[in-house]
Amino acid sequence: MEKEKNNHIDDVSFEDNQEVTAENEKNQTEDLSEENHKESKKSKKNKAEKKIQELEEKNAEINDKYLRLYSEFDNYRKRTQKERLDLLKNASQEMIVELLPVLDDFDRALQSLPSDDDNEATKGVSLIFNKLFNLLTIKGLEPMDAMGKEFDTDFHEAITNIPAPTPDQKGKVMDVVQKGYLLNGKIIRFAKVVVGS
């Protein structure tokens, strides 16, 4: 009986050992699967973070392209609007430039006619000149005042130099041979002048 008891104890301890080993293997397997699960989660998280970062970079790039395109379009719109306004403003420039010799002729006629107020011819020429000049002034024409001013190549065209009668007149306009004109602030004809040297 004692032998049977020993056998039974051996059987029980062997079974206990097997249960413990099986339990240990099960725990190890669970630990391994848990670690694999954690690693899988980490790799998924890393992939998601990389994808988010790529999408954010792509979004920033697209936003930058959009802003540049919008800016270019806005500049184009402003430029074309300004060109259109300039075109409307100076649409009559060609006609006005062709009328400038007529103004010059009127100026010469008024200078050659007698200056007394009773002369009908002088009054008539003066009246026509004033009507034409006022009409052109409304369109934006303005004569340059060059006489006695410093010579400026932006506004004047020197025909010749003459000796200046006084030192303070050196480099100044001594005579205006042909008037210069501006149309809406833009030079359409330079003043032809004689400069003191």
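**Helix packing and sheet arrangement**

Helices α2 and α3 are roughly antiparallel to each other, because the angle between their directions is about 150° and angles over 145 degrees count as roughly antiparallel. The model is a predicted one. Helix α2 comprises residues 93–112 and helix α3 residues 120–138, and their axes are 10 Å apart. The crossing of the two helices is left-handed. On the α2 side, the contact is formed by I96, L99, V102, L103, F106, D107, A109 and L110. The α3 side contributes T122, V125, S126, I128, F129, L132, F133 and L136. Sorted by class, the residues of this contact are 13 nonpolar, 2 polar and 1 charged.

Aromatic pairs in the model number 3. In the pair of F106 and F129, the ring centres are 6.1 Å apart and the planes stand at 55°, so the pair is tilted. F106 lies in helix α2 and F129 in helix α3, and with these positions 23 residues apart in numbering, the pair links distant parts of the chain.

One open sheet has 3 strands in the order β1-β4-β5, and the pairing is antiparallel. Strands β1 (141–143) and β5 (186–189) are at the edges; each has a single partner strand, so one side of each lacks a neighbour in the sheet. On average, neighbouring strands here are turned by 35° against each other, direction ignored. Strand β4, residues 181–183, pairs with β5 in the antiparallel sense over 3 bridges. Opposite L182 stands I187 of β5. Helix α2 packs on this sheet and touches β1, β4 and β5. The direction of α2 makes about 50° with that of β5. Helix α2 thus has two packing partners described here, with α3 and the β1-β4-β5 sheet both in contact with the helix.

A further open sheet is built from 3 strands in the order β2-β6-β3, with mixed pairing. Its edges are β2 (156–162) and β3 (173–178), each with a single partner strand, so one side of each is left without a neighbour in the sheet. The average turn between neighbouring strands of the β2-β6-β3 sheet is 30°, direction ignored. Strand β6, residues 191–196, pairs with β2 in the parallel sense over 6 bridges. Within this pairing, T160 has V194 in β6 as its bridge partner.

Technical notes: Residues numbered from 1 in each chain as written. Predicted model: local features only at pLDDT ≥ 70, side-chain atom pairs only at ≥ 80, totals over all residues. Heavy atoms only, no water. Pairing = 2+ DSSP bridges. Helix = DSSP H or I, 4+ residues; strand = E, 2+ residues; numbered from the N terminus. Axes fitted to C-alpha atoms, helices over the stretch in contact; angles between N-to-C directions. Contact = heavy atoms within 4.5 Å. Parallel < 35°, antiparallel > 145°, perpendicular 65-115°, else oblique. Left-handed = near helix turned anticlockwise from the far one by under 90°. Nonpolar A, V, L, I, M, F, W, Y, C, P; charged D, E, K, R; others polar. Phe/Tyr/Trp six-rings, centres within 6.5 Å; stacked < 30°, edge-to-face > 60°.
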